[in-house]
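Dear colleague,

I am handing over the structure below, and after it you will find my notes on what I found there. Please read them with the coordinates open beside you.

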Protein chains: 2
Amino acid sequence: MGSAKTKDKFRAFMLDKGLKSTRQREVILEEFLSVGSHLSTEELYLRLRRKNPRIGYATVHRTLKLFAECGIAEQRHFGDGQARYEASDLDEHHDHLICTSCGKIVEFEDPRIEQLQEKVARQHGFSIERHRLELYGCCESCR
Amino acid sequence: MGSAKTKDKFRAFMLDKGLKSTRQREVILEEFLSVGSHLSTEELYLRLRRKNPRIGYATVHRTLKLFAECGIAEQRHFGDGQARYEASDLDEHHDHLICTSCGKIVEFEDPRIEQLQEKVARQHGFSIERHRLELYGCCESCR
DNA sequence: CATCCAATTGAAAACGGATTTCAATTTAAT
DNA sequence: ATTAAATTGAAATCCGTTTTCAATTGGATG
Ligand SMILES: [Mn+2]
Ligand SMILES: [Mn+2]
Ligand SMILES: [Zn+2]
Ligand SMILES: [Zn+2]
């Protein structure tokens with residue numbers, strides 16, 4: 001059923017921006033939330049096409065950008081040249097471990113690292129808006 | 001004069017791979033090392049053109065990739081959609097603070113963060129090959 | 001120096017993901 | 001039902017990267 005809270009947030013966003021509710025947006029949101037994580041536009045598009053053959057790539061693309069603007073999704077780049085999207089854990093943050101062999105993506109969160117990042121930034125007179133931490137390596141089953 | 005050590009490393013690399021020394025490669029290496037850091041292919045190309053109008057973009061592109069393969073340069077992506085290259089500090093590593101307002105890039109190194117990254121990876125059964133840590137925010141003079 | 005062959009060059013074309021265009025359609029307010 | 005504005009999807013376009021290919025060059029050889 002996807003998170004009701006997330007859907008509410010998107011509905012509120014659309015209302016606020018004067019956007020319209022459409023069959024496509026409903027279907028895309030449903031599928032995006034049910035699949036979960038780290039999907040490229042292409043991947044989501046292909047999945048949607050299985051049940052909705054008449055949905056367009058451009059619409060999927062635009063809708064994912066809307067999700068990101070709304071804050072219910074985040075765009076990621078893991079170095080394979082295509083953007084990926086994942087549902088936001090509302091106010092939780094996490095970083096990623098990526099297996100360079102099988103592509104597996106593991107999420108983690110480490111407050112000590114986050115804290116040190118703040119410290120480093122402060123020392124250089126920066127105020128951090130966001131950061132990106134990705135650890136690339138080989139996962140257990142690939143060894 | 002650029003680092004003699006770096007040039008030696010590149011010469012050794014070329015010898016090993018059966019590559020030829022050319023006027024273009026010399027010029028590109030010289031300019032790359034003298035400018036220093038975080039240059040896009042386009043930027044280096046334009047700089048080179050000022051004194052060497054007949055150098056080609058493709059050659060600059062290929063030569064930068066050679067530098068990276070050789071280990072005297074590293075490719076970076078700071079999220080503006082184009083690759084950037086910087087001379088490697090031979091065996092030193094560093095991460096980046098990027099000002100989202102003026103584009104300034106500050107380098108830093110924090111062994112505590114590096115250590116925690118290792119720890120996190122180990123806990124998830126990963127062995128790290130490389131990582132990417134970028135802190136985006138606002139620099140002092142932009143505030 | 002002359003010859004030869006593999007490596008290199010650079011202009012142009014191709015590539016690939018992201019984004020935009022635009023005519024037709026749909027939404028939702030009146 | 002009417003209407004204006006938003007949306008859709010196929011196709012075109014964008015833009016950085018990479019490749020193609022004919023011409024040139026490096027450098028080894030005799
Ligand atoms: Mn994630
Ligand atoms: Mn750097
Ligand atoms: Zn793996
Ligand atoms: Zn700044």
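I begin with H94(B), which has a relative accessible area of 7% and is therefore buried, since the cut-off for that word is under 20%. H96(B), at 1%, is buried as well. Please keep in mind throughout that this is a predicted model.

Both of these histidines belong to the site of the manganese ion (ligand 2), where NE2 of H94(B) and NE2 of H96(B) act as donors together with NE2 of H38(B), an OE atom of E107(B) and two OE entries from E86(B), at 2.1 to 2.6 Å. Along the chain, these donors follow the spacing H-x47-E-x7-H-x1-H-x10-E. The six donor atoms make angles of 54 to 171 degrees, and the site is classed as irregular.

One of the metal donors, H38(B), also leads to R84(B), because the backbone oxygen of H38(B) lies 2.9 Å from a polar atom of the R84(B) side chain. R84(B) sits in strand β3 of chain B, which covers residues 83-87, and with a relative accessibility of 11% R84(B) counts as buried. Its side chain also makes a polar contact of 3.1 Å with the side chain of D80(B). When neighbours within four places in sequence are set aside, the residues in contact with R84(B) include H38(B), L39(B), S40(B), E43(B) and E74(B).

Turning to the DNA, there are 21 residues around strand D, and those that come nearest are T22(A), R25(A), T59(A), R62(A) and H61(B). Of the atoms of DNA strand D that come within 4 Å of the protein, 69% belong to sugar and phosphate. Several individual contacts involve phosphate oxygens of this strand: one is 2.5 Å from an N or O atom in the side chain of T22(A), whereas S21(B) offers a polar backbone atom at 3.2 Å and A83(B) a backbone N or O atom at 2.7 Å.

As for which elements supply this surface, α2 (23-35) and α4 (57-70) of chain A and α4 (57-70) of chain B each give at least two residues to the surface near DNA strand D. The largest share, five residues, comes from α4(B). By residue type, the surface near DNA strand D is made up of six nonpolar, eight polar and seven charged residues.

With best wishes

Conventions:
Residues numbered from 1 in each chain as written. Chains lettered and ligands numbered in written order. Predicted model: local features only at pLDDT ≥ 70, side-chain atom pairs only at ≥ 80, totals over all residues. Heavy atoms only, no water. Near = heavy atom within 4 Å. Polar contact = N/O pair within 3.5 Å; in protein donor to acceptor, adjacent residues only side chain to side chain. Helix = DSSP H or I, 4+ residues; strand = E, 2+ residues; numbered from the N terminus. Nonpolar A, V, L, I, M, F, W, Y, C, P; charged D, E, K, R; others polar. Donors = N, O, S within 2.8 Å, 3.2 Å for Na, K, Ca; no water. Tetrahedral: all angles 85-135°; square planar, octahedral: opposite > 155°, others 65-115°. Buried < 20%, exposed > 50% of the residue type's maximum accessible area, 1.4 Å probe, protein only. Contact = heavy atoms within 4.5 Å.
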